[in-house]
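Student: I am new to this structure. Please take one part and look at it closely, then show me how the rest of the chain is laid out around it.

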Amino acid sequence: MKRTDRLRQLIRILRDGDVHRAVDIAEKTGVTVRTVYRDMETLMASGVPMVGSRGTGYRVTAPITLPAMNLSMAELEALHLGLMAVAQSGEADLTEAAQTLADKLDAALPEDVDHTTTDGLAIYPFTGRTQGVVHLPALRQAIRARQKLLVTLNGQDRTVRPLRLDYWGRVWTCTVWCETIRGFDDLPIEEITALRKLPSLFVNEAGKTLADYRTARTIS
């Protein structure tokens, strides 16, 4: 067994919170007691919250923690999209865990990171409809680049400034400032029949930002 696989196996053994003696762990994993001692030192040094010593046994003192890591924006988006899906699983404990994990991720983000594409989990019980995901990549790119889009919705062409994506229980929406109707709107992505990137970009303008949208919703 590779050492990395063995370390993962040790974590699975220790997760029950009980005290485990090195001799018992060695028997379960098929290695020597001396190897178990070295592995335990490695786990402690890597940040696994555990106590114990040779001769007394080892136990985990808190839920498993992860060492610091660097994430790209694409990886961060993937995490949030995955959490949104888990939150809709119907399992109460998974829904709660997904929400608390999303909160931890947002709290850990540096102040200079744009939160518009990682704005927690939006949850609403529209369970009878399917996800419209074909336009998601283009929408995410446009949000990051602040690029205007020409979208066709219900037979009407609209020029929009995409601001944020939300997942509402199998239904994706995109919050936009719509230049056609001169106001904010939440577009159901599954109803978009055509989408084209326009050559023009947009900048923050008073009354047309995501912060303005939130303020308007709070007042209404």
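Tutor: Start with a definition: a residue is buried when its relative accessible area is under 20%, exposed when that area is over 50%, and partly exposed in between. Keep in mind that this is a predicted model.

The close look is at helix α3. Aspartate 39 is found in this helix. Its relative accessibility is 2%, so aspartate 39 counts as buried. What does aspartate 39 touch, not counting residues up to four places away in sequence? The partners are Arg3, Arg6, Leu7 and Leu10.

Now take the whole helix. Helix α3 covers residues 33-45, which makes 13 residues. At 1.5 Å a residue it should span 18 Å. Its end C-alpha atoms are 19 Å apart, which agrees. Aspartate 39 has company among the buried residues of α3: Thr35, Val36, Tyr37, Met40 and Leu43 are buried too. Together, the buried residues of α3 pack against α1 (3-14), α2 (22-29), β1 (50-53) and β2 (57-60).

Helix α2 deserves the next look. Its buried residues are Ala22, Ile25, Ala26 and Thr29. They cover an arc of only 100 degrees around the axis, which puts them on the same side of α2. An α-helix has 3.6 residues a turn, so residues three or four places apart point the same way. The face turned away from the buried side of α2 carries exposed residues, Glu27 and Lys28. On the buried side, α2 packs against α1, α3 and β2. Just after α2 comes glycine 30, with a positive phi of about 75 degrees.

Next, the cores. The largest nonpolar core has 17 residues. Inside this core, Val160, Leu165 and Ile189 have the most contacts. At least two of its residues come from each of α6 (136-145), β3, β4 (156-167) and β5 (172-178). Apart from this core lies another, of 14 residues. Ile25, Ala26, Tyr37 and Met40 are among its members. Ile25 and Ala26 are buried residues of α2, while Tyr37 and Met40 are buried residues of α3. In soluble globular proteins, nonpolar side chains tend to be buried together.

Stay with the largest core for a moment. Leaving aside neighbours within four places in sequence, valine 160 is in contact with Lys148, Leu149, Val151, Val176, Trp177, Cys178 and Leu187. Take lysine 148 from that list. It is found in strand β3, residues 147-153. Is lysine 148 buried or exposed? At 15% relative accessibility, lysine 148 counts as buried. Beyond four places in sequence, lysine 148 is in contact with Val160, Arg161, Glu179, Arg196, Lys197, Leu198, Ser200, Leu201 and Phe202.

Tryptophan 177 also touches valine 160, and it leads to the aromatic rings. The structure holds two aromatic pairs. In one of them, tryptophan 177 and phenylalanine 184 sit edge-to-face, 5.3 Å centre to centre, with 80 degrees between the planes. Tryptophan 177 is buried, with a relative accessible area of 8%. Phenylalanine 184 is partly exposed, at 23%. Trp177, Phe184 and Tyr213 form one aromatic cluster.

Strand β4 also holds glutamine 156. Glutamine 156 is partly exposed, with a relative accessible area of 38%. Leaving aside neighbours within four places in sequence, glutamine 156 is in contact with Val151 and Thr180. Glutamine 156 and threonine 180 are 24 residues apart in sequence and 9.8 Å apart in space, C-alpha to C-alpha.

Step back to the whole chain. It has seven helices and seven strands. Along the sequence they follow the pattern α-α-α-β-β-α-α-α-β-β-β-β-β-α. Of the 220 residues, 38% count as buried. Among contacts with a separation of 6 or more, 55% join residues 24 or more positions apart.

Last, confidence. The mean pLDDT of the chain is 78, and 75% of its residues reach 70 or more. Confidence is highest in β3, at 95, and lowest in helix α4 (residues 73-87), at a mean of 71. Over residues 112-131, pLDDT stays under 50. For that stretch the model has 55 contacts beyond four places in sequence. Where pLDDT is low, the predicted coordinates should not be read in detail.

How values were computed
Residues are numbered from 1 along each chain as its sequence is written. Side-chain values use heavy atoms; hydrogens and water are left out. Helices (H or I, at least four residues) and strands (E, at least two) are DSSP runs, numbered from the N terminus. The expected span of a helix is 1.5 Å times one less than its number of residues. Buried means under 20% relative accessible area, exposed over 50%, partly exposed in between (1.4 Å probe, protein chains only). Contact means heavy atoms within 4.5 Å. Rings of Phe, Tyr and Trp (its six-membered ring) pair if their centres lie within 6.5 Å; planes under 30 degrees apart count as stacked, over 60 as edge-to-face and the rest as tilted. pLDDT is the predictor's confidence in each residue, from 0 to 100. The arc is that of the directions from the helix axis to the C-beta atoms. A nonpolar core is a set of buried Ala, Val, Leu, Ile, Met, Phe, Trp, Tyr and Cys residues joined through side-chain atoms within 4.5 Å.
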